[in-house]
Amino acid sequence: MSAATEAAQAPPEMRWRVDPFVLLAAPGLLYLAILFALPLALLLLQSFRDADGHFSIAGYIEFFSDPINLAVTWRTFRVAALSTLLCLVLAYPTAFALARARGFVQSFILVAMILPLSVGVIVKAFSWSIVLRSDGIVNSALVFLGIVDQPIRLLFTETALIVGSANVFLPFMVLPIYAVVRQIDPSLSAAAATLGAGPFFRFFRVIVPLTLPGVIAGVAFVFSLAISMYVIPSLIVGERHATLSMLIARSYLFFRDAQLGSTISAILLLIAIAVVLGSSLLLRRFEGTRV
Amino acid sequence: MLHTTKVPVADMAAGTGDPAYLSVEKVSKAYGATRVVETLDFAVERGELVSLLGPSGCGKTTLLRLISGLIGADAGRIVVGGRDITKLPAHKRNVSVVFQNYALFPHLNVSENVAFGLKARGIAPSEIPSAVENALALVRMSDFAGRPVGALSGGQQQRVAVARALVVEPDLLLLDEPFSALDRKLRETMQVELKSLLKTKGMTAVFVTHDQEEALSVSNRVAVMNGGRIEQYADPVTLYTRPASAFVLDFVGLSTHLAGTVTAAGEGWITVDTSYGELTCPGHFTKGAKVLVGVRPERISVGATPADGMTVLSAPVADVMHLGSKTHVYAVPTGDDRLVAELSASDEIRVAAGTTATFSWPAEATLLYPAEATP
Ligand SMILES: Nc1ncnc2c1ncn2[C@@H]1O[C@H](COP(=O)(O)OP(=O)(O)O)[C@@H](O)[C@H]1O
Ligand SMILES: [Mg+2]
C-alpha cells in the first residue's frame, strides 16, 4: 500500500491539517526563505570553509586570536546596548504622551517620529557632522558661552555614535510601545487606585507589566538594527572606532577574505539573536514572577 | 444635622444609627460647560445597600467617580464614616469600586487580582494568602484561584471583581452597573447573591443601574437620578405610588401619561382638558396651567360602570395584551400621550381592540405635575 492511500484512509483527525489562514503568510515566508534564510545559511556554511573549500574553523580561530577583534566585538555590543537603552529611556514617556495626545498634537508627534525616517541615514549623519564638528554649532556655542576654552571633540567619539544612532532608531522603539500603551484600558489604573495603590505602585505593578510586550518588541528592533549598523558608524566615528559591520565590509571589500567576513557575520548574528531572545525571556520572566 | 460636635470614627463604628454614613453634600462637577453633577445631596446609612437609578448619561458613573476620588469635585463635600474625604486621592479613601467592565488586571491571575489591593496597602505577605482564599470562597470562586482572568466567563469575572473590592475591607463599596453585561437569568442570580453577601458583611454600598427592575429588587431605597440631580430618594413603594416628578413617574414603572391644560379650578379640584377629553381630579393648579396627568395602570378599571368620585375618560382601545398573570389594555395613543390600564387575572375583560371603552380610576389616584417648561 502506498503512503498516499494510507494517508487517505487514516482517520480525519490523524491527517495533517493546515489552517487556511496560515496560507496567508506563505508569500511572506517564501520571500524570507529565498532572500534571507537561504543566503544566510550559505554564508554560515562559508564561515566553516577555507579557501580550498575544506571544512575549517580557522576563520573563528583567526578572529578570536586578535585582541583588536575582541575589542571591536565588545564595542559593537556596548554601543548597541547603550543605544537601545537610550532609545528606551526616551521612547517610553514619548509613547505615553503620544497615546494620551489627541488630534493635532498626536498627529504632530507621530509625524515628528516618522518623518525623519524618510531623510536617509547618510543625509542625517552628514548633517550631524555639521553640528558636531570642531567649528560646528555646538562647539561654537560652548566656546562662546565660555563653558570650554577649546573646541572639544564631539565627532568621532563613541558617545556621538550612541546618541546619533539612538536618534535614527527612536521611532522603532516608540511605535511598538505606543501600540500597546494605547490598548491599555484606563479603568485598570483607576481600579488600582481605588484598591489603595498610589501612583508608583500603579505604574510599576500595572502599567509597566502591561507595556512589556511593546518594550520587548522595541528592544528587539532597535538592538538588531544597532548592532548591525554600518553607515552611521562609518560616517560618525570612522575607522577610529570600528564596529563589527565595518570589519565585515573590510574583510570582503579590501581583504577579499570571504571566510573571515562570513565568520564575523555569524558572530554578529549570534550576538543579536542571543540578546533579542535573552531580553524577551528576561522580561517575560520578570512579568511571570508578578512580584 | 444631629451631630454638631466631631465624633471620632471609632465611636461612629459602634453604629448608634448615625443617619448618614456616606454623605454627599452639595457636590457639583462640570466638564467645560457641561454640568454633569449639579449641587447634589445624597446620603446612605451604615450597612445600607442603596440603588442609584437613572438613564444612561444622567451622571451616575460621574457621581461614583466623585465619591471614589477618581475625579475631584468642583464644589461640595463628601464624608464617609465621619471622615471628610473630599480632598483625598482615590488610593487614600478606602472606597472600593466594582467597575462596569470589571477592570480585572489582565496580567494577573484570579488570586493575584484579589491580592492586589492587599499588597498595595502593604499588608504583611504572610496574611495575604488566607485573606485571598476567604474572599474567593465568599464569591464561590475558590476553584479558579490559579486561572488567568481572560479565561473566565462574564459572571465569573464579576465575582472576582467583587472579591477584589471586598477583600481590602473598604468603608464603602460602589458598584457601577455590575450586571449590565450579563444575561437576564444570571443577572437575577447575581442580584440575590450580592444582596446576601453584602448583608452578611454589613457592607455599606451604592449600586448603580439604569434598570429599574434591578434597582427595585436589589435595594430598599432607590435614588432616581436625572440630569445630574437626584429627583427622588425613597423606598420602591413610594417611588411607584407617589413619584416626586414627571420624570420618576415615567422612569419607574408603567404609567398613563397625558399632557393637559387646566380649564377649571375649584376648591382643591381641577378640571383638565386632555387629548382623550376632560377629566376632574383633586389638584391645586390655576386655570390655564399646563399639567401632566399620570395614573398607575393597576388603579384603572376598564369598561366598568364608574362609581361616584371616580375620574373617567373614554378612549378607543388599541391593544389588549395578555401577559399571563395580568392584562394590559392600551388606548390608541395620541401624540406623546398614552393611557394604559392593568387588569389582574381575576378581572373580567370586557373590552376588545377596536372598541371604545371607559377608563376610570379613583380620583385620588391621579398624579399631577406641572408640565416641563420646554415645549
Ligand atoms: N471625562 C468627561 N469629559 C466630558 N464629558 C464627560 C466626561 N465623563 C462624562 N461626561 C459626560 O457626563 C455625562 C454623564 O456621564 P456618566 O456619568 O458616565 O453617565 P452615566 O454613568 O449615568 O451613564 C455624559 O453626558 C457624558 O458625556
Ligand atoms: Mg455609567
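A polar contact is a pair of N or O atoms within 3.5 Å. Keep that cut-off in mind, as it will help at several stops on this tour. One more thing before you start clicking: the model you have open is predicted.

**Stop 1: the ligand**

Select ligand 1 and show the residues around it. You should find B:Y31, B:V36 and B:P55, then the run B:S56, B:G57, B:C58, B:G59, B:K60, B:T61 and B:T62. Now zoom in on B:K60: a polar backbone atom of this residue is 2.9 Å from an oxygen atom of ligand 1. Because the cut-off is 3.5 Å, you can label that pair as a polar contact.

Move on to B:G59, where a backbone N or O atom lies 3.1 Å from an oxygen atom of the ligand. Then turn to B:T61. Which part of B:T61 has an N or O atom 2.6 Å from an oxygen atom of ligand 1? Here it is the side chain.

**Stop 2: where the two chains meet**

Colour chain A and chain B separately and look at the boundary. The contact involves 21 residues from chain A and 25 residues from chain B. Together the chains bury about 1800 Å², with carbon and sulfur atoms giving 68% of that area.

On the chain A side, select helix 10 (186-194) and helix 11 (199-227); each supplies at least two residues of the side that touches chain B. That side of chain A is made up of 13 nonpolar, four polar and four charged residues.

What links can you look for across the boundary? The count of salt bridges between chain A and chain B is zero, but five residue pairs are in polar contact across this interface (both at pLDDT 80 or more).

**Stop 3: two domains in chain A**

Hide chain B and colour chain A by domain: residues 1-46 for domain 1 and 59-290 for domain 2. The C-alpha centres of these two domains of chain A lie 35 Å apart.

How many residues of domain 1 of chain A are in contact with domain 2 of chain A? Four are, and they meet seven residues of domain 2. The buried area between the two domains is about 450 Å², and carbon and sulfur atoms give 70% of it. Select A:L43, A:L44 and A:Q46 to see the residues that supply 85% of the area domain 1 buries against domain 2, more than any other three residues.

The side of domain 1 that touches domain 2 divides into three nonpolar residues, one polar and no charged. Between these domains of chain A, the salt bridge count is zero.

Terms used. Residues numbered from 1 in each chain as written. Chains lettered and ligands numbered in written order. Heavy atoms only, no water. Domains from an automatic or database assignment. Contact = heavy atoms within 4.5 Å. Buried area = accessible area lost by both parts, 1.4 Å probe. Salt bridge = Lys/Arg side-chain N within 4 Å of Asp/Glu carboxyl O. Nonpolar A, V, L, I, M, F, W, Y, C, P; charged D, E, K, R; others polar. Polar contact = N/O pair within 3.5 Å; in protein donor to acceptor, adjacent residues only side chain to side chain. Helix = DSSP H or I, 4+ residues; strand = E, 2+ residues; numbered from the N terminus. Near = heavy atom within 4 Å.
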